[in-house]
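This report introduces a single protein to a reader who has not met it before. Please consult the sequence and the structure shown here while reading the sections that follow.

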Amino acid sequence: MLLVLSEDHKEHLSFLTKADGSVVEEFGRIALEFLRKGTNPKIYEGAARKLCVPVGMVQHGVEGLMFLMTESSKHMISEVDFMDSVLALGFGEDLIQSLLQLYVQHKHQIRSVLSQLLCNQPAYHNLEWRLDVQLASRSVRHQIVPMVTIRLLLTRSSDVGSTQSCMDLQTDPSSLLHMISTLEAALAAVKTSHARRILRNIK
């Protein structure tokens, strides 16, 4: 399996082409620290002064390297696939070997950290719905009041197995359409590069 990196990730990692093995190793240490404890601007500033580059360049380089390591560790890609994925970025042999060594040395530790960060949230299993329409009442003889009833079936996994639960919801069609458009806008926003950077920081 080869990793497919976005243009933003490639641009962030391109900084490493100008670095030697010791700098890559230092960036790897900062990336692992970032994964365990979160971002630390002081570390970026110190590394930027040492390398005589802007702080933003260091931050993007660390974030790009962290994404490369976490995605590789998450999918447990082989050493050959890792080298092929990195080779596609135009890196030299020495840099590829430094990154490979970093990946092999820390992939199990990264997977352990990622497993601790996962939230045990219920997952979608199935959805049932029904449309009810009230045509009249004693006070109002001619009316149409549509109502959508939804039963959402959820599954929560744990060490001892999985359990199912259900949630009953009721709304009118106009509110349902508004929710759908809001969710579609949220999905579109998640696909932007800015949202991906935020999600990486959360992870």
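## Overall architecture

The protein has 8 helices and 3 strands. The model is a predicted one. Followed along the sequence, these elements appear in the order α-α-α-α-α-α-β-β-β-α-α.

The protein contains 203 residues, of which 32% are buried. Among contacts in the protein with a separation of 6 or more, 59% involve residues 24 or more positions apart.

## The packing of α3 and α4

Two packed helices are described by the angle between their axes and the distance between the axes. For helix α3, residues 41-51, and helix α4, residues 55-75, the angle is about 115° and the axes are 8 Å apart. Angles of 65 to 115 degrees count as roughly perpendicular, and α3 is accordingly described as roughly perpendicular to α4. The crossing of these two helices, α3 and α4, is right-handed.

The residues that meet can be named on each side. Helix α3 contributes Tyr44, Glu45, Ala47 and Ala48, while helix α4 contributes Val55, Val58, Gln59 and Val62. Sorted by class, the contact of α3 with α4 comprises 6 nonpolar, 1 polar and 1 charged residues.

## The aromatic pair

When the whole structure is searched, 1 aromatic pair is found. The pair is formed by phenylalanine 82 and tyrosine 103, whose ring centres are 4.7 Å apart; because their planes lie at 5°, the pair is stacked. The cut-off for this term is a plane angle under 30 degrees.

Phenylalanine 82 belongs to helix α5 (residues 79-87) and tyrosine 103 to helix α6 (residues 93-117), so the pair ties together parts that are 21 residues apart in sequence. Both phenylalanine 82 and tyrosine 103 are buried.

## Isoleucine 110 and its surroundings

Helix α6 also holds isoleucine 110. The relative accessible area of isoleucine 110 is 2%, and the residue is therefore buried, given that the term applies under 20%.

Which residues does isoleucine 110 touch, when those up to four places away in sequence are not counted? They are Leu32, Leu35, Met69, Thr70 and Ser73. In addition, isoleucine 110 and arginine 36 are 74 residues apart in sequence, yet their C-alpha atoms are 8.8 Å apart in space.

Conventions: Residues are numbered from 1 along each chain as its sequence is written. This is a predicted model: local features need pLDDT of at least 70, side-chain atom pairs count only at pLDDT 80 or more; totals for chains, interfaces and linings use all residues. Side-chain values use heavy atoms; hydrogens and water are left out. Axes are lines fitted to C-alpha atoms, for helices over the stretch in contact, and angles run from 0 to 180 degrees between N-to-C directions. Helices (H or I, at least four residues) and strands (E, at least two) are DSSP runs, numbered from the N terminus. Angles under 35 degrees count as roughly parallel, over 145 as roughly antiparallel, 65 to 115 as roughly perpendicular and the rest as oblique. A crossing is left-handed if the near helix is turned anticlockwise from the far one by less than a right angle, and right-handed if clockwise. Contact means heavy atoms within 4.5 Å. Ala, Val, Leu, Ile, Met, Phe, Trp, Tyr, Cys and Pro count as nonpolar, Asp, Glu, Lys and Arg as charged, and the others, Gly among them, as polar. Rings of Phe, Tyr and Trp (its six-membered ring) pair if their centres lie within 6.5 Å; planes under 30 degrees apart count as stacked, over 60 as edge-to-face and the rest as tilted. Buried means under 20% relative accessible area, exposed over 50%, partly exposed in between (1.4 Å probe, protein chains only).
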